[in-house]
Every structure is written in structure tokens, then in C-alpha cells.
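Here are a few exercises to work through with the model open beside you. Try each task before you read its solution.

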Amino acid sequence: MITETEDRLLKYIEDRARENVKEKRFYKMTDVLEHAFWISKEKSYEILKNIMARKNIGNSKNDIINEYIDMLKKGYVSIQEQVEVFGGDKFSSIVNTAEKRFKKYKGGTFFDGLREVYKISDDDIMDVTEKYLKFLKSPSFVFRLDKETFHKFLQSDLEELDKQFDRFVN
Amino acid sequence: MAVGNQELFKYIEKRAKYNVKDKKFFRNTDILQEAFLIPEDRAYEILKDIMSRKNIKNTKEAVIDEYMNMLGYGYASLKEQVELLGGHKLSAIKKEAEYKFRKFNGGTIIDVLKEVYNVEDEDMPSIIMRYMESLTAEEFSFKVNINTFNKFLEENLDELDKQAKRYGI
């Protein structure tokens, strides 16, 4: 059994791994592991040996990523450590920082919130807004723009997650 | 005054002020003509009526306030005055939107604007920006729905006119 947080982090690792190898071609299976999960060459060989000793897998990017995710799920490797390799749990970090900054927020428009709480520059604001609005779907004309859905949007878009992480770090 | 009439009354006042905004006038009849889109001879008649009863200032505000006052007392029909101003666009827009929503299969806010309200791609950023800016809240939580959109149109006559145009009203 894995906890809710582990489940979320596992999903994050998977999203990140797929994003890392998107539109790239590889000749060796160890290269896939290195690129997708940012693991060292030696460690990649070790993992691959371990896989081969247990089963036959196809040699596509997806086969390798799926197998390694499965190993993380089964506890072969620590989920937490893999997340650290990726630079930590950016999502939680963003949620916590936003929470802190919201305490000083006095209200205003949606754009005020993006500017003052999320430190989004005027150059980025329309782009983020458009992407966020495209993320929200509803069977009718009933939407609510708020923290929860904005954070979900960031979670769904690694590029925006990274950008938001940088905004809070700098 | 009945609720429906109050709505018309407010709309007339808003439209009249909007019609004369940033314009200068030399004659009081010109103000009446521009603000309420009434013909010249009728504007003279109204002005005569005003002058025979009281002295008012020569400003846009004073003339508009006085005629609104007269409308409030039933001097002329609110409905007819609204017709002179091109009809009650918001009700017509609401009806058309309701009809188009029946064929809407869901999607994003942008899909709603595109498919239900016929907003063109080039107008999209500006309408989104203005609509979002019209919503304020103490917390970071904003309702984007038919009611707040209609309110946005109601408060911004230029957006109301643009929407009426999109619907061919």
C-alpha cells in the first residue's frame, strides 16, 4: 500500500520522466533511464541488470519507464529519493509558499492575485491566464477560478510548474 | 416603480451618460438629442416643458438628471425611450445566449465565449482581460458564469454593444 502523497509523487515522477524523454530517440536502454530519471550511468546499468534478471521487457521508452515506475511502486527504489533527484517536490513547495503569501493578500481581481501572490510578471500574465482557462473544463458555463484549481493546473503542466517554482525561489 | 421598469430606468440613465461622455455641447437641446437619441423637434418641446416649470443649469448632468426625473414621473414611456436607444440589448443578448447554450456541449471558458457568445479570436484576450478585471473578491476565488458575465456586459456599455453586434441585435 502506498500513501496518498506517495501516489501523487509517483505520478509526478512518471509525468516528469515522460516529459524528459519526449521527442527524443535513444539507442541504449540505459540512456533512457539516464535521461528520463536523471540517474547516473553506473546506477542505470545496475537497474537494467536487475530488470533483465527478473523479466523480459520491450526496449521502447515506454516499456522502460513503465518498468522503473513499477519498481518504485514496489519499493525497489525510494520514491522520495527519486523526487529529490528531480529537484524536490516543487508542487508542495509552491502550495506552501502560496499559502504563506495569501495571508498577506488583501484581495482584488484575479490578476492582482496572480501578480501579488504568485509573483507573475506582466509579460507572463496573459499567457498563464490563457493556459489556466484552457485547463478548466465544465459541461456548462459554471467555473470557479481559485487556488485549488490553479494549483491543479500547475500540477498538470510541468513547464508552468517549473516557472512558478522559479518565481517563488527568486 | 416595478422592478422591470427600474431596470429600464437605470439602463436609460447609464446609456444617456455614456452617449454624452467626453463630448461638449452648446445648446441644451443638443444634449437631449445626443443623450437620449430623441429627434430635434421633440427635444425642443421637452426643453420648453422644463423651462416653464423651473430653472436648470446648462450642464450635461443637469439636463440628463431633469429628463430622468421626468421619465421617473411618467412624462414619457420608459419602453419607448429604451426603443429610441436601440432596445434593451441585455435582455436580447440573454435570450440569444440561452438559445445557444442549448446546443453547447461543454468545454472551457474560451469555448463558451467562442461558441455561445461568438467572440472572435482577435477579441478574446481583451474580453477575457476586461471580464476578469471586473471580478473582485477578498479571497482568491472568482465565479465565472452566466450571471457574472451578464453583469460585466451590463456594466460596460461598449462590451454590451459589441456583444449585441456579435448576435446581430
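**Exercise 1.** How many helices and how many strands does the secondary structure of chain B come to?

*Solution.* Keep in mind that this is a predicted model. Start with the tally: chain B has 10 helices and 2 strands. Next, walk along the sequence to get the order, which reads α-α-α-α-α-α-α-α-β-β-α-α. Then look at the overall extent: the C-alpha trace of chain B spans about 60 × 30 × 30 Å along its principal axes.

**Exercise 2.** Now do chain A: which pattern does chain A follow along the sequence?

*Solution.* Count first, and you get 10 helices and 2 strands for chain A. Put them in sequence order and the pattern is α-α-α-α-α-α-β-α-α-β-α-α. For the extent, the C-alpha trace of chain A comes out at about 60 × 30 × 30 Å along its principal axes. Finally, split the chain up: the domain assignment gives domain 1 (4-85) and domain 2 (90-169) in chain A. The C-alpha centres of these two domains of chain A are 30 Å apart.

**Exercise 3.** What share of the residues is buried in chain A, and what share in chain B?

*Solution.* Take a residue as buried if 20 or more other C-beta atoms lie within 10 Å of its own. With that cut-off, 26% of the 170 residues in chain A are buried. For chain B, the buried share is 27% of 169 residues.

Then turn to the contacts. In chain A, take the contacts between residues at least 6 apart in sequence: 52% of them join residues at least 24 apart. In chain B, of the contacts with a separation of 6 or more, 54% are between residues 24 or more positions apart.

**Exercise 4.** How many residues does the contact take from chain A and from chain B?

*Solution.* Chain A puts in 25 residues and chain B puts in 23. Now sort the chain A side by element: strand E1 (108-109), helix H7 (110-116), helix H8 (122-135) and strand E2 (142-146) each supply at least two residues. E2(A) gives the most, with 5 residues. Sorted by class instead, the side of chain A that touches chain B has 13 nonpolar, 7 polar and 5 charged residues.

**Exercise 5.** In which sense, parallel or antiparallel, do E1(A) and strand E1 of chain B pair?

*Solution.* Find E1(A), then strand E1 (residues 136-137) of chain B. The two strands pair in the antiparallel sense, over 2 bridges. To check the register, look for A:Thr109, which stands opposite B:Thr136 in E1(B).

Technical notes:
Residues numbered from 1 in each chain as written. Chains lettered and ligands numbered in written order. Predicted model: local features only at pLDDT ≥ 70, side-chain atom pairs only at ≥ 80, totals over all residues. Domains from an automatic or database assignment. Helix = DSSP H or I, 4+ residues; strand = E, 2+ residues; numbered from the N terminus. Buried ≥ 20, exposed ≤ 12 C-beta atoms within 10 Å, placed from the backbone. Contact = placed C-beta atoms within 7 Å. Nonpolar A, V, L, I, M, F, W, Y, C, P; charged D, E, K, R; others polar. Pairing = 2+ DSSP bridges.
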